[in-house]
Amino acid sequence: IVVNQDMENMILDGLYTGDPNPQRSWDGIKGFNGVFDGQGHKISGLYNKVFFSEVNKGDTLTIKNLGIVNSAFKNAPVFVKQNNGVLNITHSYSTAISNGFVGTNSGEVYISDSYNTGVIRSGASMIGTNYKKAIIDNVYNSGSVQNGAGIISSNLGTAIISNSYNTGSISVKSYRETSTGGLVGDSDGNTTIINCFNTASISGY
């Protein structure tokens, strides 16, 4: 599925070039409760907003077998902006410029057998902020992270990361950003890391 043609030619170093708004803006799917199975297909040319806006409390969303490529999300994650229910992401990937897979988790998130290779403008490749429960297994990130961490930017709940790694360079470029890390940036919650590693350079403000 192609939403905008030649999106990759409109992107340079994480910035949009040419006409300020020539693309069809994706509005984000709302109120979806069920399974979204990409069946191995990929979606290209998404611009601006997240693929799914929100998972409501009491709902369960499963995203599987899906790739997002040649896309750019402006100050937004790729798959879900806000999770208040149960979110499963498996066998999926992104090459997009984004704020990672999931913006904020206030429910339960399970991410497995997935990866990111696109530039992360802020947050982390998998989850920006976790307030409740996050289980991450067999994922990796190789995209550079401009403000944040490799896998989870901030954990304020319970997070388990296993069999995962980061190879994308990580940096914090603003004095307002106070923490960074190869796998987790900030943890005021309960974080467990099993059989994981980071090989990338890390630099702070």
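# A first look at a strand-rich chain

Let us start at one residue: Leu87 touches Val55, Leu61, Ile63, Val80, Val102, Glu108, Val109 and Tyr110, with residues up to four places away in sequence left out of the count. Everything described here comes from a predicted model.

## The chain as a whole

What kinds of elements does the protein chain hold, and how many of each? There are 27 strands and 0 helices. The protein chain has 205 residues, and 49% of them count as buried. About 9,300 Å² of surface is exposed, with carbon and sulfur atoms supplying 47% of that area. Among contacts with a separation of 6 or more, 69% join residues 24 or more positions apart.

## The nonpolar core

Leu87 also belongs to a wider group. The largest nonpolar core has 34 residues, and Leu87 is listed with Ile63, Ile68, Phe79, Ile111, Ile127 and Ile136 as those with the most contacts inside it. Two or more residues each come from β7 (52–55), β8 (60–64), β12 (86–90), β15 (108–116), β18 (133–141) and β21 (158–162). Which element gives the largest share? That is β18, with 3 residues. As background, nonpolar side chains in soluble globular proteins tend to be buried together.

## How the strands line up

One open sheet has 7 strands in the order β3-β7-β11-β14-β17-β20-β24, and the pairing is parallel. Its edge strands are β3 and β24 (184–187), each of which pairs on one side only. In general, strands of a sheet pair through backbone hydrogen bonds, either parallel or antiparallel.

The edge strand β3 covers residues 29–30 and includes Lys30. Is Lys30 buried or exposed? Lys30 is exposed, because its relative accessible area is 56% and the cut-off for that class is over 50%. Lys30 and Ser53 are 23 residues apart along the chain, yet 5.5 Å separates their C-alpha atoms.

Further along the sheet order, β14 (residues 102–105) and β17 (residues 127–130) pair in the parallel sense. Thr104 is in β14. With 22% relative accessibility, Thr104 counts as partly exposed. From Thr104 to Thr129 the C-alpha distance is 4.9 Å, while the two are 25 residues apart in sequence. Beyond its sequence neighbours up to four places away, Thr104 touches Lys81, Gln82, Asn83, Thr129 and Tyr131.

Here are four parallel pairings, each with one pair of residues that stand opposite each other:

| Strand pair | Bridges | Opposite residues |
|---|---|---|
| β14 and β17 | 3 bridges | Asn105 and Asn130 |
| β15 and β18 | 8 bridges | Asn116 and Asn141 |
| β18 and β21 | 5 bridges | Asp137 and Ser162 |
| β18 and β22 | 2 bridges | Tyr140 and Tyr165 |

Strand β18 is worth following here: β18 pairs with β15, with β21 and with β22.

## A serine in a loop

Between β21 and β22 (165–166) lies a loop, and Ser164 is in it. Is Ser164 buried or exposed? Ser164 is buried, because its relative accessible area is 1% and the cut-off for that class is under 20%. The side chain of Ser164 reaches the backbone oxygen of Ser162 at 2.7 Å. Recall that Ser162 is the bridge partner of Asp137. Apart from neighbours within four places in sequence, Ser164 is in contact with Ile136, Asp137, Asn138, Val139, Asn195, Cys196 and Phe197. Of these, Ile136 appeared earlier as one of the core residues with the most contacts.

## Two residues with positive phi

Most residues other than glycine have a negative phi. Two loop residues do otherwise here. His91 has a positive phi of about 50° although it is not a glycine. This residue sits in the loop between β12 and β13 (93–94). His91 is partly exposed, with a relative accessible area of 45%.

Where is Asn195 found? Asn195 is in the loop between β25 (190–194) and β26 (197–198). Its phi is positive too, at about 55°, and Asn195 is not a glycine. At 59% relative accessibility, Asn195 is exposed. Asn195 is also one of the contacts of the buried Ser164.

Conventions
Residues are numbered from 1 along each chain as its sequence is written. This is a predicted model: local features need pLDDT of at least 70, side-chain atom pairs count only at pLDDT 80 or more; totals for chains, interfaces and linings use all residues. Side-chain values use heavy atoms; hydrogens and water are left out. A nonpolar core is a set of buried Ala, Val, Leu, Ile, Met, Phe, Trp, Tyr and Cys residues joined through side-chain atoms within 4.5 Å. Buried means under 20% relative accessible area, exposed over 50%, partly exposed in between (1.4 Å probe, protein chains only). Helices (H or I, at least four residues) and strands (E, at least two) are DSSP runs, numbered from the N terminus. Contact means heavy atoms within 4.5 Å. A polar contact is a pair of N or O atoms within 3.5 Å; within protein, one must be able to donate a hydrogen and the other to accept it, and residues adjacent in sequence count only if both atoms are side-chain atoms. Accessible areas come from the Shrake-Rupley method with a 1.4 Å probe; for residues, only the protein chains shown count as cover. Two strands pair if DSSP finds at least two bridges between them.
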